[in-house]
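Welcome! Let's take a friendly walk through a protein and the molecule it holds. Have a look at the sequence and the structure, then read on.

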Amino acid sequence: MPSAIMPTTQFELRLAGRMSRLGTETAFEVLNRARALEKQGKEIIHLEIGEPDFATPANIVDAAVDALHMGWTHYGPAAGLPDLRQEIASYVSRTRKVPVSADEVVVVPGGKPIIFFTILALVESEDEVIYPNPGFPIYESMVNYSVGKAVPLPIREERDFSVDVKELASLITDHTKLIILNSPHNPTGGVLTKTDVLAIAEAIGDRNIMVLSDEIYSRLIFEGEEFSILSVPGFKERTILLDGFSKTYAMTGWRMGYGVMRADLATHVARLMTNSNSCTASFTQVAGIAALRGDQSSVDKMNAEFKHRRDVFVAGVNKIKGFSCRMPKGAFYAFPNITKTGWPSKKLADALLEQAGVACLSGTAFGAFGEGYLRFSVANSLENLVAALLKLEDWASKNL
Ligand SMILES: Cc1ncc(COP(=O)(O)O)c(C=O)c1O
């Protein structure tokens, strides 16, 4: 037998059936493909991954280094260090204008585990989960994994990537267990206004439906103001707020986020932590306290820079043949409509990577309703963004 078709093992991998229901985040796959092209000597501008390109502010790094020297190198409580839970409770009380106590906070390694744990804790077969589509792909992946029914809520450009509350209301049934909201929204940059959130709350009414409000980009709002459903009277008991440190403080690799939820649910999410991670790294949590208590001017500076890049990039994208892009109101993504190019999104994203040397994501990486769009992250230097625009323009002039 030629070696190329020799089996690599004599034991067949008997994977659990549930693994076939698990999705992924295409951003990491595109990053790998882009890296492979770079290895072949191609120059690629990375606009695929959604992470700040800035260094974590020095006061936070110093706090972590000090914490390591002080011996914060051991296991801690599953739900997080009491001081950090208290600091987060005060922060959320202040920003969402609703009293939150430390026992309603669970600290986890990144914002993502809150999606994972909430869905594992709440959703079972027959349960319907309404989630934004296009949207962060982990929502749909986890709902499918949990054997729940994923019910897409289309996020439409003509509504400025907000939520069509009438459409949401029409999707609610007796089986609806959870509604996922995300504002500012990945991938579109849409932001829910106070009016939107109040209308959503009204549509849910007094039904016993939980809301997972993913507010990981809450500090990255360029137009309008953050308004959380957590602060709507009657909704605190039914809301799980997801927030964290990754995007706000450029701490994606540190892995630290949190959920705010009723205390009886928090104990179950902490049990999932005990069963999976034991706890979030202790020295990281000490640095988290420093992040929340310390000077916030670095956050303001990063945000001002993101806004400037957004303005330059969106203006440039709008000059490219076949592309039209709304101004995102939050987060650090541009989500241009590319239907006028006549190309399907995935094919166009692949061609831009391979031929133009610009890595971006197909809108369909965020669900079927993302067809007709591409997502570009503006979390890259202005210089690279301008260079990417030139490459895109050049490619479009030759191919469209
Ligand atoms: C909407 C949304 N939620 C959650 C996350 C996860 O954040 P973290 O890196 O803190 O796990 C991301 C990251 O891209 C995101 O875009």
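**The ligand and its surroundings**

In this predicted model, an N or O atom in the side chain of D214 lies 2.6 Å from a nitrogen atom of the ligand. Once bound, the ligand has 93% of its accessible area covered by the protein, out of the 400 Å² that the ligand has on its own. The ligand sits in the largest pocket.

**Around the ligand**

- There are 13 residues around the ligand, and those that come nearest are D214, Y217, S246, K247 and R255.
- Y217 has a polar side-chain atom 2.7 Å from an oxygen atom of the ligand.
- R255 also places a polar side-chain atom 2.7 Å from an oxygen atom of the ligand.
- Sorted by class, the shell around the ligand holds four nonpolar, five polar and four charged residues.

**The largest pocket**

- The space in the largest pocket comes to about 680 Å³.
- The lining of this pocket is made of 38 residues, and I49, G50, E51, K247 and T252 are the closest to its centre.
- K247 therefore turns up twice on your tour: among the residues that come nearest to the ligand, and among those closest to the centre of the largest pocket.
- Four elements give two or more residues to the lining: helix 1 (26–39), helix 4 (112–122), helix 5 (137–145) and strand 12 (374–377).
- Helix 1 gives the largest share of the lining, with five residues.
- By class, this lining has 17 nonpolar, 11 polar and 10 charged residues.

**The second largest pocket**

- The second largest pocket has a volume of about 270 Å³.
- It is lined by 15 residues, and the closest to its centre are T95, K97, E225, E226 and F227.
- Its lining divides into three nonpolar, six polar and six charged residues.

**Backbone details to look for**

- N133 and P134 are joined by a cis peptide bond, with omega about 5°.
- You can find P134 in the loop between strand 3 (128–133) and helix 5.
- Another cis peptide bond runs from S183 to P184, where omega is near -15°.
- P184 has its place in the loop between strand 5 (176–182) and helix 7 (194–204).
- V147 is not a glycine, yet its phi is positive, at about 70°.
- Look for V147 in the loop between helix 5 and strand 4 (149–154).

Definitions and conventions:
Residues are numbered from 1 along each chain as its sequence is written. This is a predicted model: local features need pLDDT of at least 70, side-chain atom pairs count only at pLDDT 80 or more; totals for chains, interfaces and linings use all residues. Side-chain values use heavy atoms; hydrogens and water are left out. A residue is near a molecule or strand if one of its heavy atoms lies within 4 Å of it. A polar contact is a pair of N or O atoms within 3.5 Å; within protein, one must be able to donate a hydrogen and the other to accept it, and residues adjacent in sequence count only if both atoms are side-chain atoms. Accessible areas come from the Shrake-Rupley method with a 1.4 Å probe; for residues, only the protein chains shown count as cover. On a 1 Å grid over the protein atoms alone, a cavity is a set of points where a 1.4 Å probe fits but cannot get out, and a pocket is an open set with protein on both sides within 12 Å along at least five of seven lines; lining residues have an atom within 4 Å of a point. A molecule sits in a cavity or pocket if more than half of its atoms lie within 2 Å of its grid points. Ala, Val, Leu, Ile, Met, Phe, Trp, Tyr, Cys and Pro count as nonpolar, Asp, Glu, Lys and Arg as charged, and the others, Gly among them, as polar. Grid points are joined across faces, edges and corners, and a volume is the space filled by probe spheres set on the points.
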